[in-house]
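Colleague: I would like to go through this model with you and press you on the labels. Show me the structure, please.

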Amino acid sequence: MTQYFDFVALGWIEKYLRDEMDAAQKCLKSYEREPAENQHLQDALRSVHSATGVLRLCALEPAALLTGEIERVLGQLVQGHISG
């Protein structure tokens, strides 16, 4: 089975994906400095969720699965089910 990747669409949204992931990384670094501030995790979760949606729209399911897993872990951190 062959999977179709829309590389043209990926080129259009590459900057957006980079910006979202950079924003998530900055939020996580802020959380590392201020672990009591849950808003940093929520902001990171929002950025990763946005990237996941875009990856799915571009039919890049392997990458979307990875960011989806990152979302799941961030959600557990936000809810306090696991500790950072």
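**Labels and their grounds**

Modeller: Let us start with leucine 66, which lies in helix 3. Keep in mind that this is a predicted model.

Colleague: Why is leucine 66 called exposed?

Modeller: Its relative accessible area is 54%. Exposed means over 50%. Leucine 66 therefore counts as exposed.

Colleague: What else is exposed on that face of helix 3?

Modeller: Pro62 and Leu65 join Leu66 there, on the face turned away from the buried side of the helix.

Colleague: How far is leucine 66 from threonine 52, C-alpha to C-alpha?

Modeller: The separation is 8.5 Å, with their positions 14 residues apart along the chain.

Colleague: Which residues of helix 3 are buried?

Modeller: Ala64, Thr67, Glu71, Leu74, Gly75 and Leu77.

Colleague: How do you know that they are on the same side of helix 3?

Modeller: They cover an arc of only 155° around the axis, which puts them on the same side.

Colleague: What makes the length of helix 3 agree with its residue count?

Modeller: At 1.5 Å a residue, its 19 residues should span 27 Å. The end C-alpha atoms are 26 Å apart, so the two agree.

Colleague: And how does helix 2 fare on span?

Modeller: Helix 2 covers residues 39-57, also 19 residues, with 27 Å expected. Its end C-alpha atoms are 27 Å apart, which agrees.

Colleague: Which residues of helix 2 are buried?

Modeller: The list is His40, Leu41, Asp43, Ala44, Ser47, Val48, Ala51, Thr52, Val54 and Leu55.

Colleague: Back to helix 3, residues 61-79, where glutamate 71 is found. Why is glutamate 71 said to have no salt bridge?

Modeller: The nearest side chain of opposite charge is that of arginine 56, and it is 5.3 Å away. A salt bridge needs nitrogen and oxygen within 4 Å, so this pair does not qualify. Glutamate 71 is buried all the same.

Colleague: What is glutamate 71 in contact with, leaving aside its neighbours within four places in sequence?

Modeller: Leu45, Val48, His49 and Thr52. Of these, Val48 and Thr52 are on the buried list of helix 2.

Colleague: How many salt bridges does the structure hold?

Modeller: It holds 5. One of them joins the side chains of glutamate 69 and arginine 72.

Colleague: What makes glutamate 69 and arginine 72 a salt bridge?

Modeller: Their N to O distance is 2.4 Å. The cut-off is 4 Å, so the pair counts. Both residues lie in helix 3, 3 residues apart, about one turn of the helix.

Colleague: Are those two partners exposed, partly exposed or buried?

Modeller: Glutamate 69 has 37% relative accessibility, and arginine 72 has 43%. Partly exposed runs between 20% and 50%, so both take that label.

Colleague: Which residue does glutamate 14 meet in a salt bridge?

Modeller: Arginine 18, at 2.9 Å, N to O. Being 4 residues apart in helix 1 (residues 7-33), they are separated by about one helical turn.

Colleague: Why does that spacing suit such a pair?

Modeller: An α-helix has 3.6 residues a turn, so residues three or four places apart point the same way.

Colleague: Why do glutamate 14 and arginine 18 carry their accessibility labels?

Modeller: Glutamate 14 is at 38%, which makes it partly exposed. Arginine 18 is at 53%, over the 50% cut-off, so it is exposed.

Colleague: Which residue forms a salt bridge with aspartate 19?

Modeller: Lysine 15, with the closest N and O atoms 2.8 Å apart. Both lie in helix 1, 4 residues apart. Lysine 15 is exposed at 58%, whereas aspartate 19 is partly exposed at 37%.

Colleague: Where is alanine 59 found?

Modeller: In the loop between helix 2 and helix 3.

Colleague: What makes its phi worth a remark?

Modeller: Phi of alanine 59 is near 60°, a positive value in a residue other than glycine. Most residues other than glycine have a negative phi.

Colleague: And which residue with a positive phi follows helix 3?

Modeller: Glycine 80, with phi near 80°.

Colleague: Last, how many helices and strands does the chain have?

Modeller: There are 3 helices and 0 strands. Buried residues make up 31% of the 84 residues.

Terms used
Residues are numbered from 1 along each chain as its sequence is written. This is a predicted model: local features need pLDDT of at least 70, side-chain atom pairs count only at pLDDT 80 or more; totals for chains, interfaces and linings use all residues. Side-chain values use heavy atoms; hydrogens and water are left out. Helices (H or I, at least four residues) and strands (E, at least two) are DSSP runs, numbered from the N terminus. The expected span of a helix is 1.5 Å times one less than its number of residues. Buried means under 20% relative accessible area, exposed over 50%, partly exposed in between (1.4 Å probe, protein chains only). Lys and Arg count as positive and Asp and Glu as negative; His and the chain ends are not counted. Contact means heavy atoms within 4.5 Å. The arc is that of the directions from the helix axis to the C-beta atoms.
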